[in-house]
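Got the viewer open? Let's take a walk from one selection to the next, starting with a turn and then moving on to some rings.

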Amino acid sequence: MTALSRNQVVLKPAVASKGGIVAAQNRVAAEIGSEVLESGGDAVDAAVATSFALGVLEPWMSGPAGGGAMVIWRAEEAKAYSVHYGMRSPADLDPADYPLSASGTASDLFPWKSVIDDRNVEGASAVAVPGTVDGIGIAHERFGRVPWQDLLRPAAVSARRGFQIDWYASLIIASAARSLAKDPDAAMLFLEDGQWPPVPPWTALDERRIKNPTMADTIDHLAAEGFREFYDGDVAKQLSSDVQAKGGSLSLDDLRAYHAEIRPAALVPYRNGGFYLAPDLTAGPTFAAVLHHLTENLASPCGDPDSQAYCVYADAVDAAYRTRLAEAGDNEAPRNPACTTHFSVVDRHGNMVAMTQTLLSVFGSRVVSPSTGLLLNNGIMWFDPEPGHPNSLAPAKRCLMNVCPVIGEMEETRFAIGASGGRKILPAVVQISSFLMDYRMSLEEAFHQPRIDLSGGPALVADDRLPHAIIEALSARRRVLTTKHTVYPNAFACPIGVMRRGEINYGASEIMSPWADAVSEKHAGGAA
């Protein structure tokens, strides 16, 4: 029995504009991206600025020392591209350095067998080779119009100014305070007196901020020297030296050898349109399998999604995940939050970017590089520490990710969506995509439509706003738990999306996220 109000209604209207829109999990970062669009920048330019801004303003979710994937739509070419910048295990990593404990499962996202001292979860030994900077760098090199240094400048300014410690920031920091306290540099940056997160007083006038001048210097250096400086130059030397000094295996050679991939994205047909997906070690192939199931089993939709539709969603995701777990080795437990962010961009010309970037866990490895000011990933946790499995830990191996950025199209409509939330990402992106394509909902309607989650836990989780008939139909087929859609903890993923219908652009964000928002450029034809 919950004490939460049953009468509270939360709405977040979608933004509509004839100009470009950036939708992100942090409003300030979205504003930085929209300013790039307003100055004449391309969607990819805005993505670069937003990516670095999010690493500063929402550091526990992503940053330059992470990885991910994006899908890009080029309106003039009528062509899509995927960029894969997933993390890799270091070449000198020795699986023997991750001995299994006698019993139990890991303390974080994945229910692998527990490793002694959680060496694959926390600390420098959990750090994988990051890819985000190279991914956005090659995308900008190919499609960008605004000078690289101009796009990074707002993030550096934000790092020096710091982000405000409001109640939401305090809540997130508190959730990881015990782990952050283990690393002196992380404790110095995020905690108060090395122990407790700063908690704002009962007033809206508090102006305390977390500043990171060292990260600002790093971003300025990358701005001046180019994105490969992160892999070949002084930043690479500082980063690898810091990780090794703290007991990790990331080397300068690992960084020098890293290269993200950009390639054309083929259309996966669906109904009278289709989807462009991220390939390989993402949730893209699993999403394609779900589409096949929906095509065969979802009856010709009319009206609103009914009991049959939600049962098909559950069966489709369940079947696709079973295949993924058997063949790819991803086996994440849904009990803990993942550290991922997604943002979507559409410019006034119809170019789009759906971009997901992650440190994996909240605050990644909970380790900060003192020379660069960067919070580091814990990508090693993506691997199964037990040998002999599809995703077992090994040196110089690519990580299997749950990210699922997609670009969908139908008739005069195109949309770019994705989400954060670990294995909850795929069910959310599937349902919102179906709401848009099968039920012809607006972006706002799709983001407010209640969802279900079936991502590997003991039961299907259903939003308690769903009609009783749908809950009953789902319960007849599997165990169902109902829950409120709340800010924290959130039983569902955090979706972000943009849409272009005709000449009008739209943007929407997760309705329960207090920071997420869509921001349009101000002077490009005005609001719709």
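Start by selecting strands β19 and β20: they make a hairpin, with two residues between them. Zoom in on the turn and pick Gly502, whose phi is positive, at about 70°. Bear in mind as you click around that this is a predicted model.

Now colour the two arms. Strand β20 covers residues 504-509 and runs antiparallel to β19, with six bridges pairing them. For one rung of that ladder, select Arg500 and look across to Asn505, its bridge partner in β20.

Next, bring in β15, residues 413-420. This strand also pairs with β19 in the antiparallel sense, here over eight bridges. To find a rung, select Ser420 and you'll see Cys494 of β19 standing opposite.

Before leaving, show the surroundings of β19. How many of the eight residues of this strand are buried? Seven are, so β19 (residues 494-501) is largely enclosed by the rest of the structure.

**On to the rings**

Select Arg414 together with Trp73. Arg414 lies over the face of the Trp73 ring, 3.9 Å from its centre.

Hide those for a moment and show the aromatic side chains. There are 17 aromatic pairs to find. Try Phe52 with Trp148: the ring centres are 5.9 Å apart and the planes meet at 85°, so this pair counts as edge-to-face, the label for angles over 60 degrees. Now switch the cartoon back on. Phe52 belongs to helix α2 (residues 43-57) and Trp148 to helix α4 (residues 148-161), so the pair ties together parts that are 96 residues apart in sequence. Are these two buried or exposed? Phe52 and Trp148 are both buried.

Then go back to Trp73 and add Tyr276. This aromatic pair is tilted, with 5.5 Å from centre to centre and 40° between the planes. Trp73 sits in strand β3 (residues 67-74) and Tyr276 in strand β11 (residues 273-277), so the contact links parts of the chain 203 residues apart. Trp73 and Tyr276 are both buried.

**Last stops**

Select Trp60, Phe163, Trp167, Tyr168, Phe190, Phe363 and Trp515 in one go: ring pairs link them into a cluster.

Finish with another charge over a ring. Which residue lies over the face of Tyr98? Pick Arg119, which is 5.5 Å from the centre of that ring.

Terms used:
Residues are numbered from 1 along each chain as its sequence is written. This is a predicted model: local features need pLDDT of at least 70, side-chain atom pairs count only at pLDDT 80 or more; totals for chains, interfaces and linings use all residues. Side-chain values use heavy atoms; hydrogens and water are left out. Rings of Phe, Tyr and Trp (its six-membered ring) pair if their centres lie within 6.5 Å; planes under 30 degrees apart count as stacked, over 60 as edge-to-face and the rest as tilted. Helices (H or I, at least four residues) and strands (E, at least two) are DSSP runs, numbered from the N terminus. Buried means under 20% relative accessible area, exposed over 50%, partly exposed in between (1.4 Å probe, protein chains only). A charge sits over a ring if NZ of Lys or CZ of Arg is within 6 Å of the ring centre and within 35 degrees of the ring normal. Two strands pair if DSSP finds at least two bridges between them.
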